[in-house]
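Welcome to a short set of exercises to work through with the model on your screen. Try each task yourself before you read the solution that follows.

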Amino acid sequence: QSITVAENLVLYAQWKEIPKITHNGYEYVDLGLPSGLKWATCNVGASSPEGYGSYFAWGETSPKSDYEWETYKFRTSGDSWDNVKFSKYNTDSDYGPIDTKTTLDLIDDAARANWGGSWRMPTSAEQDELREKCTWTWTTLNGIKGYKVTSKSNGKSIFLPAADCHYGTDVYYAGSYGYYWSGSLDSDDPYEAYCLDFDS
């Protein structure tokens, strides 16, 4: 509205809360990506964007105290990458019975198991899209280091805290590194799955 000021005026701002966009009780943001995929505003197990959330082994849906081959849900034998055998998600007979599964079943997806609805972990290709179609800025949010990931198309963003990862019973380098599982197995090396990882 345009007005002509003929005398002193007192102006007041009126603020209106923008409702959060949620699915099944959890907030998401549309980054305007070509795939149309929407991204959560916080990690599974966190209540804020800067929260580290829960740690999961790939294909497991609950946190645990010890993250080693001996405690892995789909391991049938072995204690290292070169001798482990799997009961599921295997493309190589050297690692047990082959089922050719290279994408997590929803029953083994931590996002679906914990948040329900149509939530799921992103694929490796969807993580690549996030990496390529957004600007990544190392920053601090409420005292937590990580990346602000800003869409190049609409300017909206998410924050990925540098929560690092669990190995054995310890968390290493929290605040310096971030590792985010995809739902995609490495079909050439079934003892590995794809993740988005970063440091400062």
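Two strands count as paired if DSSP finds at least two bridges between them. Helices (H or I, at least four residues) and strands (E, at least two) are DSSP runs, numbered from the N terminus. This is a predicted model, in which local features need pLDDT of at least 70, side-chain atom pairs count only at pLDDT 80 or more, and totals for chains, interfaces and linings use all residues. Residues are numbered from 1 along each chain as its sequence is written, and side-chain values use heavy atoms, with hydrogens and water left out.

**Exercise 1. Trace the open sheet of three strands and find its edges.**

Step 1: Begin with the strand order. The sheet runs β1-β2-β3, with antiparallel pairing.

Step 2: Look for the edges. β1 (22–23) and β3 each have a single partner strand, so one side of each is left without a neighbour in the sheet.

Step 3: Check the pairing of β1 with β2 (residues 26–30). These two strands are antiparallel and share two bridges. Thr22 has Glu27 of β2 as its bridge partner, while His23 is matched with Tyr26.

Step 4: Examine the turn. Two residues separate β1 from β2 in this hairpin, and Asn24 in the turn has a positive phi of about 55°.

Step 5: Move on to β3. It is joined to β2 by three bridges, again antiparallel; Tyr28 has Ala40 of β3 as its bridge partner.

A reminder for this exercise: strands of a sheet pair through backbone hydrogen bonds, either parallel or antiparallel.

**Exercise 2. Describe the hairpin of β7 and β8, and decide whether β8 is mostly covered or uncovered.**

Step 1: Count the bridges. β7 (residues 144–151) pairs with β8 in the antiparallel sense over five bridges. Within this pairing, Val149 has Ile158 of β8 as its bridge partner.

Step 2: Find the turn. Five residues lie between the two strands, and Gly155 in the turn shows a positive phi of about 75°.

Step 3: Judge the cover. Buried means under 20% relative accessible area, exposed over 50%, and partly exposed in between (1.4 Å probe, protein chains only). In β8 (residues 157–161), four of the five residues are buried, and the strand is mostly covered.

**Exercise 3. Work out which residues are linked in a network of salt bridges.**

Step 1: Set the criterion. A salt bridge is a side-chain nitrogen of Lys or Arg within 4 Å of a carboxyl oxygen of Asp or Glu. The structure holds eight of them.

Step 2: Take Lys73 and Asp108, whose side chains meet at 3.5 Å, N to O. This pair links distant parts of the chain, 35 residues apart: Lys73 is in the loop between β3 (38–40) and β4, and Asp108 in the loop between β5 and α1 (110–115). Lys73 is partly exposed because its relative accessibility is 45%, whereas Asp108 is buried at 3%.

Step 3: Follow Asp108 to Lys88, a salt bridge of 2.7 Å, N to O. Both residues lie in the loop between β5 and α1, so the pair ties together parts that are 20 residues apart in sequence.

Step 4: Continue from Lys88 to Asp105, where the salt bridge is 3.0 Å, N to O. These partners are 17 residues apart. Lys88 is buried at 18% relative accessibility, and Asp105 is partly exposed at 23%.

Step 5: Assemble the result. Lys73, Lys88, Lys101, Asp105 and Asp108 are linked in the network.

**Exercise 4. Decide whether Tyr89 is buried or exposed, and do the same for Tyr173.**

Step 1: Recall the background. Most residues other than glycine have a negative phi, and most peptide bonds are trans.

Step 2: Inspect Tyr89. Its phi is positive, about 60°, although it is not a glycine. Tyr89 sits in the loop between β5 and α1 and is buried, with a relative accessible area of 2%.

Step 3: Inspect Tyr173. Here phi is near 55°, also a positive value in a residue other than glycine. Tyr173 belongs to the loop between β10 (170–172) and β11 (177–185), and its 57% relative accessibility makes it exposed.
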